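Please work through the following exercises with the sequence and the structure side by side, trying each task before reading its solution.

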Amino acid sequence: MSFLRLESLTKRYGDTAAAKDISLDIAKGEFVSLLGPSGCGKTTTLQMIAGFVEPTHGRILMDGTDITNQKANQRGIGIVFQSYALFPHMTVEENVRFGLEMRRTPAKESRRRVAETLELVSLAHLGARYPRELSGGQRQRVALARALVIKPPLLLLDEPLSNLDAKLRENMQIELRNIQQQVGTTTLMVTHDQSEALSLSDRVVVMKQGQVVQDDEPFTAYEHPNDTFVSSFVGKTNLLTARVDYRNGQPYLKLGECSIEISDPTRLDTDDVTLSIRPERLELTDTHLGHLIGRVRTRLFLGNHWLYQVESNAGDLLVTLPNHGSMAISVGDNVGVRWQPDAMRILKEQAYG
């Protein structure tokens with residue numbers, strides 16, 4: 001059953017639609033991410049749900065109640081901003097207690113909930129410190145605690161990890177997901193970081209030009225993108241143009257110097273198609289064993305894997321190979337590039353706007 005429902009939610013500024021006909025159903029306890037590039041409408045959508053921006057059209061329902069025209073402070077929603085927005089003159093404990101004071105929560109109840117929430121985010125020992133005395137990750141957890149202490153029916157996260165360095169961001173992804181699952185709060189996050197969205201979410205809603213272009217579980221959005229935009233934005237991919245050919249009525253794809261049989265021809269509605277193949281689904285082998293023949297142009301060592309750029313007749317390819325501790329393929333080497341048939345995705349171009 002839907003807990004948060006958006007019905008044709010639209011925000012226009014003059015002739016420009018910042019968000020257009022956004023319709024979503026989010027179940028109670030679900031963690032959903034709005035994912036997309038800058039200007040795609042994800043933040044505008046979040047601000048309409050929060051009550052900071054008035055919709056031009058559409059409705060917002062939370063637990064069956066229409067909150068479209070409610071003021072922000074009447075919605076009871078917890079929000080974690082990108083900048084954390086902590087009060088610098090207040091201690092950690094005072095920052096977390098602030099929302100309870102605004103709700104006139106009795107002192108005894110307030111102390112209990114602040115203590116429980118600080119324990120939840122592993123900050124019980126830092127309650128007397130000020131934000132300036134904390135690390136970036138600790139400030140992020142204070143902001144999360146302040147949002148959770150009021151026990152909101154809905155938690156909104158606006159790029160919550162974008163100010164952290166790469167290693168800390170990865171650790172905080174794990175902590176944030178664990179906390180959300182422990183508390184069970186329905187959560188909607190805005191992010192432009194595809195790895196963040198994939199790792200944290202039960203569902204990923206990909207947006208472009210104010211519209212939803214795919215709404216799926218992370219694995220499905222990654223492995224079965226709806227179109228070239230989703231394929232390129234949700235992770236790295238190789239987009240290749242292939243020509244459709246037929247032998248005895250059986251469709252084949254002509255790609256560079258090779259022909260590849262197609263098991264599912266349902267997407268073949270033109271003579272030219274776009275293929276998506278993820279870098280980790282490609283293999284480098286001897287030239288006579290590959291679907292394509294290429295030359296290694298660039299090699300990058302990324303710790304647990306190698307990233308290669310390979311020139312081929314079908315175009316440049318990115319190939320990811322795990323680091324097994326053995327000698328890597330050298331720049332300038334001629335290689336074969338091959339893949340399993342189920343690694344290919346035939347995509348369609350979609351028009352938006």
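The exercises below concern a predicted model, and each task is followed by a worked solution.

**Exercise 1. A helix and its two faces**

Task: Work out what span helix α3 should have, and find which of its residues are buried.

Solution: Begin with the length. Helix α3 covers residues 107-120, and at 1.5 Å a residue these 14 residues should span 20 Å; the end C-alpha atoms are 20 Å apart, which agrees. Next, look for the buried residues, where buried means under 20% relative accessible area; in α3 these are Ser110, Arg113, Val114, Thr117 and Leu118. They cover an arc of only 130° around the axis, so they lie on the same side of α3. The face turned away from that buried side carries the exposed residues Lys108, Arg111 and Glu119. Finally, ask what covers the buried residues of α3: the cover includes α2 (92-102) and α4 (136-148).

**Exercise 2. Two residues with positive phi**

Task: Locate Ser122 and Glu159, and decide for each whether it is buried, partly exposed or exposed.

Solution: As background, most residues other than glycine have a negative phi. Ser122, which comes just after α3, has a phi near 60°, a positive value in a residue other than glycine. Ser122 lies in the loop between α3 and α4, and with a relative accessible area of 43% it is partly exposed. Glu159 is not a glycine either, yet has a positive phi of about 45°. This residue lies in the loop between β7 (154-158) and α5 (166-183). Because its relative accessibility is 9%, Glu159 counts as buried.

**Exercise 3. The nonpolar cores**

Task: Find how many residues the largest nonpolar core has, and which element gives the most to it.

Solution: In general, nonpolar side chains tend to be buried together in soluble globular proteins. Here the largest nonpolar core has 30 residues, and those with the most contacts inside it are Val80, Val96, Val142, Leu144, Leu155 and Leu157. At least two residues of this core are supplied by each of α2, α3, α4, β7 and α5, and α4 gives the most, with 6 residues. Apart from this core lies another, of 29 residues, among them Val310, Ala314, Leu317 and Ile346. To see the surroundings of one member of the largest core, take Leu157: leaving aside residues up to four places away in sequence, Leu157 touches Phe31, Leu46, Val80, Leu176, Thr187, Leu188, Met189 and Val190.

**Exercise 4. An open sheet**

Task: Trace the order of the 5 strands in the open sheet, and then follow the pairing from β11 outwards.

Solution: The order of the strands is β13-β12-β11-β14-β20, and the pairing is antiparallel. The edge strands, each of which pairs on one side only, are β13 (258-261) and β20 (345-347). From one strand to the next, the twist averages 45°.

Now take the pairs in turn.

- β11 (residues 238-247) is joined to β14 (residues 272-277) by 6 bridges, and Arg243 stands opposite Asp272 in β14.
- β11 is also joined to β12 (residues 250-255), here by 5 bridges, with Tyr252 in β12 as the bridge partner of Asp245. These two strands form a hairpin with 2 residues between them, and Asn248 in the turn has a positive phi of about 55°.
- β12 is joined to β13 by 4 bridges, and the bridge partner of Leu253 is Ile260 in β13. β12 and β13 likewise form a hairpin with 2 residues between them, where Gly256 in the turn has a positive phi of about 60°.

Terms used:
Residues are numbered from 1 along each chain as its sequence is written. This is a predicted model: local features need pLDDT of at least 70, side-chain atom pairs count only at pLDDT 80 or more; totals for chains, interfaces and linings use all residues. Side-chain values use heavy atoms; hydrogens and water are left out. The expected span of a helix is 1.5 Å times one less than its number of residues. Buried means under 20% relative accessible area, exposed over 50%, partly exposed in between (1.4 Å probe, protein chains only). The arc is that of the directions from the helix axis to the C-beta atoms. Contact means heavy atoms within 4.5 Å. Two strands pair if DSSP finds at least two bridges between them. Axes are lines fitted to C-alpha atoms, for helices over the stretch in contact, and angles run from 0 to 180 degrees between N-to-C directions. A nonpolar core is a set of buried Ala, Val, Leu, Ile, Met, Phe, Trp, Tyr and Cys residues joined through side-chain atoms within 4.5 Å.
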